[in-house]
Amino acid sequence: MQSRRVVVTGLGVVSSVGFGSVEFAKALRNGKSGISKISIFDTTNFPSENGGEVKQFDPRQWITSLNPKQLGRSSQFAVAAAKLAVEDADFPLSLLTNNGCGVCVGTTEGESQATDHIYEKWVEEGPENLDPELIACSTADRLSVSVALELDLHGECITLSNACSAGNYAIGHAYDLISSGETDCMLCGGSDSMGRKTFAGFHRYGAVAPQICQPFDQDRQGMMTAEGSGMLMLESLDAAVARNAQIYAEVLGYGLNCDATHMVAPDQSSIANCMHIAHRNAGVSPEEIDYISAHGTGTRANDLAESSAIRQVFGDSTPPTSSIKSMLGHAMGAASSLSAIACVIALRDGFIPPTINVKKTDLECGLDCVPEKSRKADLRIVQNNGFAFGGNNAIVILSRWH
């Protein structure tokens, strides 16, 4: 059976650089930094106190059917981003309800803040005094379920916990459901909130930079933890055309694989193979890729493995490759979906987002990382990289809509 074409018709963003696709696009073009002092938990005694915190977020602005107080912060982000995507797609809610639209949300930690609070209460007051509502909102499945409940959606509802590539996994899953004809539309993406446990874990790895994130810079010092949500409205081309929707881009395909070698060290050859899988699935060659949105964490292990894999696949003709984590920080399960949205915006608006904070490009990486300033570009096909602990690699290929 011939697969159906899948297009992007709506973008929803909750991030450290702004809310909604308009603010997000402006921040990407201007190289805005969303890194600030963390205020949502105590950073005392940590070497770094900075991160990509979402500031001035009021869930009541978007969550109206549910009680925002009964949702964890990650679920609040997911619902807000989903609603922004629906609004951006100009999709009537009644039509969403009746045509079987589903939800797929990727995450790393799920409700990390709720989990942190449960641990604290357990130690301080004992298990018998735990708040049942706090426990109820702590499970990862609430991210997708909350979106479905708020929007009254009755299609497939799933949360994927594939760590930092989970957003791309969710996009790939939604693509499969639409292209195979199981549904006409899906809300998909990723969501995560910062918690003290995760912050401490990355510090224990020695992976957190003291002030800023500098992917592909010679003097990089590590990543910046962050939070947020990126949700995309995907539709079959036929359905989008039938309702006269604004089409931003087309999802050509994706690639998935697993290094199966190490929990935290990325594997160059496996990443390169994932690129080949994605290109084959999307029906493109490396020569057709105009831009790569890198995973680009700012750690030496990731930057070198990723850049080496890119050179292995693309040879001497590596396309411009930038990392928006230099601006947003690493939003964990939301990282690759926010990056996918950046790719769609780049295709639509004709520019490449920069890698900020780059003073001296690491020659060992050997990439054009678009340092400091965005660049005007005629983009046709772009590649969105997402890698994760456990060697979970996920790459999505998107094209400009004509």
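This report describes the cavity, the nonpolar cores and two helices of a predicted model.

Residues are numbered from 1 along each chain as its sequence is written, and side-chain values use heavy atoms, with hydrogens and water left out. Because the model is predicted, local features need pLDDT of at least 70 and side-chain atom pairs count only at pLDDT 80 or more, while totals for chains, interfaces and linings use all residues.

**Nonpolar cores**

A nonpolar core is a set of buried Ala, Val, Leu, Ile, Met, Phe, Trp, Tyr and Cys residues joined through side-chain atoms within 4.5 Å; buried means under 20% relative accessible area and exposed over 50%, with a 1.4 Å probe and protein chains only. The largest such core has 52 residues, and Phe24, Leu232, Leu234 and Leu398 have the most contacts inside it. Helix α13 (residues 335-349) supplies the largest share of this core, nine residues. Another core, of 31 residues, lies apart from it and includes Val54, Leu71, Val79 and Leu151.

Not counting residues up to four places away in sequence, Phe24 is in contact (heavy atoms within 4.5 Å) with Val13, Ser15, Val17, Ile324, Leu328, Leu338, Ile341, Ala342 and Ile345.

**Helices α1 and α8**

Helices are DSSP runs of H or I with at least four residues, strands are runs of E with at least two, and both are numbered from the N terminus. The arc is that of the directions from the helix axis to the C-beta atoms.

| Helix | Buried residues | Following residue and phi |
|---|---|---|
| α1 (residues 20-30) | Gly20, Ser21, Phe24, Ala25, Ala27, Leu28 | Gly31, positive, near 65° |
| α8 (residues 196-205) | Thr198, Phe199, Phe202, His203 | Gly206, positive, near 75° |

The buried residues of α1 cover an arc of only 165° around the axis, which puts them on the same side of the helix. They pack against β1 (6-15), β2 (18-19), α2 (73-89), α12 (325-328), α13 and β12 (351-352). Val22, Lys26 and Asn30 are exposed on the face of α1 turned away from that buried side. In α8, the buried residues fall within an arc of 140° seen down the axis, so they line one face of the helix.

**The cavity**

On a 1 Å grid over the protein atoms alone, a cavity is a set of points where a 1.4 Å probe fits but cannot get out, and lining residues have an atom within 4 Å of a point. Grid points are joined across faces, edges and corners, and a volume is the space filled by probe spheres set on the points. One cavity of 30 Å³ or more is counted, and the largest cavity holds about 60 Å³. Its lining includes Thr198 and Phe199, together with Phe41, Glu109 and Met332. By class, five lining residues are nonpolar, five polar and one charged.

Note on methods:
On a 1 Å grid over the protein atoms alone, a cavity is a set of points where a 1.4 Å probe fits but cannot get out, and a pocket is an open set with protein on both sides within 12 Å along at least five of seven lines; lining residues have an atom within 4 Å of a point. Ala, Val, Leu, Ile, Met, Phe, Trp, Tyr, Cys and Pro count as nonpolar, Asp, Glu, Lys and Arg as charged, and the others, Gly among them, as polar.
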